[in-house]
Amino acid sequence: MDFRNDVRTWLAEYAPPGGVAQDDPVAMGKAFQAALYDAGFAGITWPAEYGGAGLSSAEQQIFDEEAASSDLPTGIFLIGLGMCGPTLLDLGTHAQKSRYVRPLLRGEEIWCQLFSEPGAGSDVASLQTRAERDGDDWVVSGQKVWTSGAQYADFGALLARTDPGAPKHRGITMFIVDMRAEGVTVRPLRDMTGRAPFNEVFFDRVRVPADAVIGEVDAGWFAAVTMLGHERVSIGGSVRRHYDPLTYANLHALASKLGRAHDPVVSSELVTLYARERALALFNTRLKQEADAGSRPGARGSVAKLAGAQLLWQAVSVAGLIAGPRAVAWEPDDVDSAELAVAINATPASSIAGGTNQIQRGIIGERILGLPKEPQADRGVPFRELRVGTQHQD
């Protein structure tokens, strides 16, 4: 109970319900994360040796419950804290963990994930960005795309091909890349919400030191699978904030406001949404508890990711049923409808980010249900002999 009271008291001072102004989201996020760290609420379950609080998933769950009604300005750390940091803890050297984890938790450094490429799509193993050894360094050349937060990132976890003579799932290595290094260019990509949360990133002979390898050279696919597992749990298990227009609570409130709460069709859809929202929350809580106990989520992370995307699509359907024309046209002072429209327009990304729904279904079918693998005509074929994406034959 003391921990819950501590969290509640701290949030009341630093993160009042309704959020705080974010004129400069990077500065605001860094200041807030530093305060969170100083209070002992950053990296609650992460090892104390590397700056974490060293507590259990029970404390993490308490914090999540208390923070759910607050608009914490921590979005710029989602990739670092949800994916890159946990992967470093799993596979990084002691020197890497000592160097990077504490500054991440303190909000001093922001990370991004450099996986997706224009010619690879959801087939990450078809990546063509190359890293070639040159003395004590690696030299990276290529392009990434759909990179969230690259515009303000200090470091990135990069996948690059280091042995094109190996089959496509081998000969890949994961590196830590300084996003301020010479040869790195970041260009924003604007989506249909009008915002620019993604970027394309170009690497023009960027030098990366040998000690920047995460895991082992040419074993980057294992590192990628490890990070994707954390990513799917992070995305699928994201706490649905009380201010999210697509939660059951807010859609029920909207239905009441518009006089639609007693419509039998609306009521039935809301009941189904509530049941699925609660079931997913309980499933994610179990995954987090197991992860904190040292058990990796494995393919069940794909269940969380897929169920989370499907839940959002159902919420969009219910929102349209309740709001009707207000979801596409509203009066200038109707802030609620404007926010609902942005949430609806952002939903398609949930079926793509972190691996498409089709990818998740394939993983679940093969690794959980034991179904036969999809035919792989490129199995065992050296990558340089494949025609994938924009790859040119030598």
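Let's start at Gln 289, which sits in helix H8, residues 264–292. A reminder before going further: this is a predicted model.

Is Gln 289 buried, exposed or in between? It is partly exposed, with a relative accessible area of 37%. Partly exposed covers values between 20% and 50%, so 37% falls in that class.

Now look at what Gln 289 meets. Setting aside neighbours within four places in sequence, Gln 289 is in contact with Ser 57 and Gln 61. The C-alpha atoms of Gln 289 and Ser 56 are separated by 8.2 Å. Along the chain, those two residues are 233 residues apart.

That takes us to the domains. The chain is divided into domain 1 (3–106), domain 2 (111–218) and domain 3 (240–355). The centres of domain 1 and domain 3, taken over C-alpha atoms, are 24 Å apart. Their contact takes 13 residues from domain 1 and 8 residues from domain 3. About 830 Å² is buried between the two. Carbon and sulfur atoms give 43% of that area. Which three residues supply the most on the domain 1 side? Ser 57, Gln 61 and Ala 68, with 44% of the area that domain 1 buries against domain 3. Two of these names you have heard already: Ser 57 and Gln 61 are the contacts of Gln 289.

Next, the inside. The largest nonpolar core has 66 residues. Phe 175 and Phe 203 touch the most other members. Helix H4, residues 78–91, gives the largest share, 6 residues. At least three residues come from each of domain 1 and domain 2. Another core lies apart from this one. That second core has 20 residues, among them Leu 246, Ala 255, Leu 270 and Val 316.

Back to Phe 175. Beyond four places in sequence, its contacts include Ala 131, Trp 138, Leu 158, Val 208 and Ile 214. In soluble globular proteins, nonpolar side chains tend to be buried together.

Last stop, helix H4. Of its 14 residues, 11 are buried, so H4 is largely enclosed by the rest of the structure. Ile 79, Met 83, Leu 88 and Leu 91 are among the buried ones. Does the length of H4 agree with what a helix should span, or disagree? At 1.5 Å a residue, H4 should span 20 Å. Its end C-alpha atoms are 19 Å apart, which agrees. H4 also bends, by about 35° at Cys 84. A proline, Pro 86, follows within four residues. Both Cys 84 and Pro 86 are buried.

Methods: Residues numbered from 1 in each chain as written. Predicted model: local features only at pLDDT ≥ 70, side-chain atom pairs only at ≥ 80, totals over all residues. Heavy atoms only, no water. Core = buried A, V, L, I, M, F, W, Y, C linked by side-chain atoms within 4.5 Å. Buried < 20%, exposed > 50% of the residue type's maximum accessible area, 1.4 Å probe, protein only. Helix = DSSP H or I, 4+ residues; strand = E, 2+ residues; numbered from the N terminus. Domains from an automatic or database assignment. Contact = heavy atoms within 4.5 Å. Expected span 1.5 Å × (residues − 1). Bend = angle between axes of the 7 residues up to and from the residue. Buried area = accessible area lost by both parts, 1.4 Å probe.
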